[in-house]
Amino acid sequence: MQALVQVILPVFLVVGAGYLATWRRWIGEDAVEGIMKFAQSFAIPMLLFLALTRLDLGAAFDWRLLVSFYGGAVTGFLAGLLGARFLFGRDWEDAVAVGFVGLFSNSMLLGVPITERAYGPEALAPNYAIIALHAPTCYLIGITAMEGVRARGAGVGRTALKALNGLWHNPLVIGIALGAALNLSGLSLPGVVTEAVEMISRAGLPAALFGLGGVLYRYRPEGDLRLIAYVVAVSLVLHPVVTWALGRGLDLGEGPFRSAVLTAAMAPGVNAYLFANMYGRAKRVAASSVLIATGLCMLTAWGWMSLLG
């Protein structure tokens, strides 16, 4: 439990600083929007770009690990999407944003340190295999779904073109694609350029968390509590349960099984809000779900670790 607090508390302090600064009017709403624009369109795409340039794209991944984790993630996406639409009456665009919250677990900020502190640094290889595909897979699913519902009724061909257009004009997808292309080319950036990109990318997560605090001040959870509770349950319970079942069914080894289940059990990452903010849909639900689920994760992750032994 102490390890969980040490990992999660700094996140709350940064989010709380953004909330306090907005509440006390030390910064205005325009400043909050500017911070989120910087994180969403520049710093985080650069972070993804650097990650893709440094991955061993030819490394073999255990397909059972990926099927177990991403099977649970896609189940969470569908549960969030269909639940928001048919149980809570949200329109399709809101439903996609809600589904993305159930899809995107906090694999890096929470999953890696919790796994490392629980099982040691040697247990992290499966975590990195998941993370290597996490942002590209989740954003491709989310953006394709959002562009698809936005283009509904326009025919299959036009819908596909709109989806592709949305994908390739998205800064996050551009960062992923450029990083993969540079990796495959065998080329490398000049050292001075790499250092500059690293400086910007390191600001991405703190800026996004601080901006999220400001957003939470404006998008408090009044009127959405049932939907928020539903999304939190999908993220903290349904995703790891499905991953557990698939991992056992596929006879996944003990180390990869623990990494898959623990990563699946993490709260939604800040990217869940970034996605909602990118499209201007279900922002209050996404922001509140990230905050509440992160707090509850201290208890639920401890429970999952107890079950894993």
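**The pocket and the helix contacts**

Modeller: The largest pocket has 39 lining residues, and Leu47, Leu48, Met108, Leu109 and Ile131 lie nearest its centre. This is a predicted model: local features need pLDDT of at least 70 and side-chain atom pairs 80 or more, while totals for chains, interfaces and linings use all residues. Residues are numbered from 1 along each chain as its sequence is written, and side-chain values use heavy atoms, without hydrogens and water.

Biologist: What makes this a pocket?

Modeller: A pocket is an open set of points on a 1 Å grid over the protein atoms alone, where a 1.4 Å probe fits, with protein on both sides within 12 Å along at least five of seven lines; lining residues have an atom within 4 Å of a point. About 980 Å³ of space lies in the largest one.

Biologist: Which classes make up the lining of the largest pocket?

Modeller: It has 28 nonpolar, eight polar and three charged residues. Helices α1, α2, α5, α6, α9, α10, α13 and α14 each supply at least two residues.

Biologist: Why are α13 and α14 called roughly antiparallel?

Modeller: Their axes come within 8 Å and cross at roughly 170 degrees. Angles over 145 count as roughly antiparallel, so the name fits. Ala272, Tyr273, Ala276 and Asn277 of α13 meet Lys283, Ala286, Ala287 and Val290 of α14. That contact has six nonpolar, one polar and one charged residues.

Biologist: What makes α6 and α12 oblique?

Modeller: The axes of α6 (125-150) and α12 (254-264) cross at roughly 50 degrees. That is neither under 35, nor 65 to 115, nor over 145, and the rest count as oblique, so these helices are oblique.

Biologist: Which residues of α6 and α12 meet?

Modeller: Pro126, Asn127 and Ile130 in α6 meet Gly255, Pro256, Ser259, Ala260 and Thr263 in α12 (heavy atoms within 4.5 Å). They divide into four nonpolar, four polar and no charged.

Terms used:
Axes are lines fitted to C-alpha atoms, for helices over the stretch in contact, and angles run from 0 to 180 degrees between N-to-C directions. Helices (H or I, at least four residues) and strands (E, at least two) are DSSP runs, numbered from the N terminus. Ala, Val, Leu, Ile, Met, Phe, Trp, Tyr, Cys and Pro count as nonpolar, Asp, Glu, Lys and Arg as charged, and the others, Gly among them, as polar. Grid points are joined across faces, edges and corners, and a volume is the space filled by probe spheres set on the points.
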